[in-house]
Amino acid sequence: MTSTGLQLLITALTGSLPDDDGSSFWMPPQVSTVAQGVDWLFNFILAISVFFFLLIVVVMVIFVIKYRHREGQGAEESSSHNMALEVIWTGIPVVLVMMIFVFGFKGFLDMATPPSNAYEILVEGQKWNWSFTYPNGYIDSDLHVPVDRPIRLVMGSQDVIHSLYIPAFRVKMDVVPGRYSKAWFEATKPGEYDLFCAEYCGTSHSDMIAHVIVHPVGEFETWLEKASNFLETMTPVDAGRKLFQVRGCQQCHSVDGSAKTGPSLLGIFGRQQNFADGSTTTVDENYIRQSVLEPQARVVAGFEPVMPTYQGRLSDPEIMAIIEYFKSLDGASSEE
Ligand code: CUA
């Protein structure tokens, strides 16, 4: 089998002219070491499916017309057996499915076995955001990685099943509560790519989006060091704003007064808060701290008790920064 011949067949059948970057009608550019193999097998199976679909439907239509019922004509005696035909229609599919099995199994093993020198990043899915923990403990809402280096993701979920999907890398893996799942990839080109949740996980499933930033050689370490020191280098308000953005708060809480899954935080500090149980309080530092660590303790009236706890996931200095940021959201000085 010549690969150019097969490529031509695939191109003709799928209309997906592979560009230089490996993008096609179906998929974004290929930006990982496994992407080409995944696409090749996908196109191979697609081409076979299209070919046999057309063959069967066309022959069926021809036969329906050719052998339709005519006046005064009975059914002819059909032959019961045709050795040559049966060998062909058994042999060709066997070869095709064996090819799919061999290429698929080889690709599966490659994708299931990370190289031993892989750089490890912890991934946590929760309703409805991603957080990525780097080896030094820094947590970000986007996945930053160095180019040309194998990355192993160790993934867990706080609540329900999510699925981490990076189309440009052709990587997709379920993220399941109560156990760890793993995925690995090696990005081949610096740039910014999409990361989606590919498992329906509730109301804001479609907002569970992050970016993958592939850093050029040597720049990842610089980024990580700079990003990790934000509590020291930023003002508390700016650090709080950053935490609010990267730790998933903004998926559910607006700062412009509009209600999302949770109440808006515009003008939160000092306002009267009514709770589902009928009680009321004035929002101060202690209330905010409790809401972050024990979100179900007092649920704001009109909202579902869906917020996950940040107990053990935000340090005291980080909670202080967030409180300072909330104080700045008084509606007058906030530009957002
Ligand atoms: Cu998480 Cu869909």
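User: Buried means under 20% relative accessible area, exposed over 50%, partly exposed in between (1.4 Å probe, protein chains only). Helices (H or I, at least four residues) and strands (E, at least two) are DSSP runs, numbered from the N terminus. How many residues of strand 6 (residues 162-166) are buried?

Analyst: The model is predicted, and residues count from 1 along each chain as its sequence is written. Local features need pLDDT of at least 70, side-chain atom pairs count only at pLDDT 80 or more, totals for chains, interfaces and linings use all residues, and side-chain values use heavy atoms, leaving out hydrogens and water. His-162, Leu-164 and Ile-166 point one way, Ser-163 and Tyr-165 the other, and all are buried. Strand 6 is largely enclosed by the rest of the structure, because its buried residues number 5 of the 5.

User: In strand 7, which residue is the bridge partner of His-162?

Analyst: Two strands pair if DSSP finds at least two bridges between them. Strand 6 pairs with strand 7 (residues 171-175) in the antiparallel sense, over 5 bridges. The hairpin has 4 residues between the strands, and Arg-170 there takes a positive phi near 60°. Opposite His-162, the bridge partner in strand 7 is Val-175.

User: In strand 9, which residue is the bridge partner of Tyr-165?

Analyst: Strand 9 covers residues 191-197 and pairs antiparallel with strand 6 over 2 bridges. There, the bridge partner of Tyr-165 is Phe-196.

User: How far apart in space are Lys-172 and Phe-196, C-alpha to C-alpha?

Analyst: Lys-172 sits in strand 7. Contact means heavy atoms within 4.5 Å. Leaving out residues up to four places away in sequence, Lys-172 touches Ser-163, Leu-164, Tyr-165 and Ala-198. Lys-172 and Phe-196 lie 24 residues apart in sequence, and their C-alpha separation is 9.3 Å.

User: Which helix gives the most residues to the largest nonpolar core?

Analyst: A nonpolar core is a set of buried Ala, Val, Leu, Ile, Met, Phe, Trp, Tyr and Cys residues joined through side-chain atoms within 4.5 Å. The largest has 61 residues, and Trp-130, Phe-132, Tyr-134, Leu-143, Leu-164 and Phe-169 touch the most other members. With 6 residues in this core, the top helix contributor is helix 9.

User: How many residues does the second, separate core have?

Analyst: Leu-41, Phe-44, Leu-96 and Met-99 are among its members. In helix 2, the buried residues include Leu-41 and Phe-44. The size of this second core is 5 residues.

User: How far apart are the end C-alpha atoms of helix 2?

Analyst: Helix 2 runs over residues 35-66, which makes 32 residues. The expected span is 1.5 Å times one less than the number of residues. For helix 2 that comes to 46 Å, which agrees with the separation of its end C-alpha atoms, 46 Å.

User: In the order 3-2-1-5-8, which are the edge strands?

Analyst: This open sheet has 5 strands, and the pairing is mixed. Strand 2 (residues 129-133) and strand 3 run antiparallel, joined by 2 bridges. Phe-132 has Asp-140 as its bridge partner in strand 3. Pairing on one side only marks the edges, strand 3 (139-140) and strand 8 (181-186).

User: Against which elements do the buried residues of helix 8 pack?

Analyst: Helix 8 covers residues 285-293, and its buried residues are Tyr-287, Ile-288, Ser-291, Val-292 and Leu-293. They pack against strand 11 (272-274), strand 12 (280-282) and helix 9 (316-328).

User: Is Ser-23 buried or exposed?

Analyst: Ser-23 is found in the loop between helix 1 (3-14) and helix 2. A polar contact (N or O atoms within 3.5 Å; within protein, one able to donate a hydrogen and the other to accept it, with sequence neighbours counted only if both atoms are side-chain atoms) links its side chain to that of Asp-21 at 2.9 Å. The relative accessible area of Ser-23 is 12%, so Ser-23 is buried.

User: What is the radius of gyration of the protein chain?

Analyst: The chain has 9 helices and 12 strands. The globule rule (2.2 Å times the number of residues to the power 0.38, for a radius over C-alpha atoms) gives 20 Å for 336 residues. The C-alpha trace spans about 90 × 55 × 35 Å along its principal axes. The chain is more spread out than a compact globule, because its radius of gyration is well over the rule, at 28 Å.
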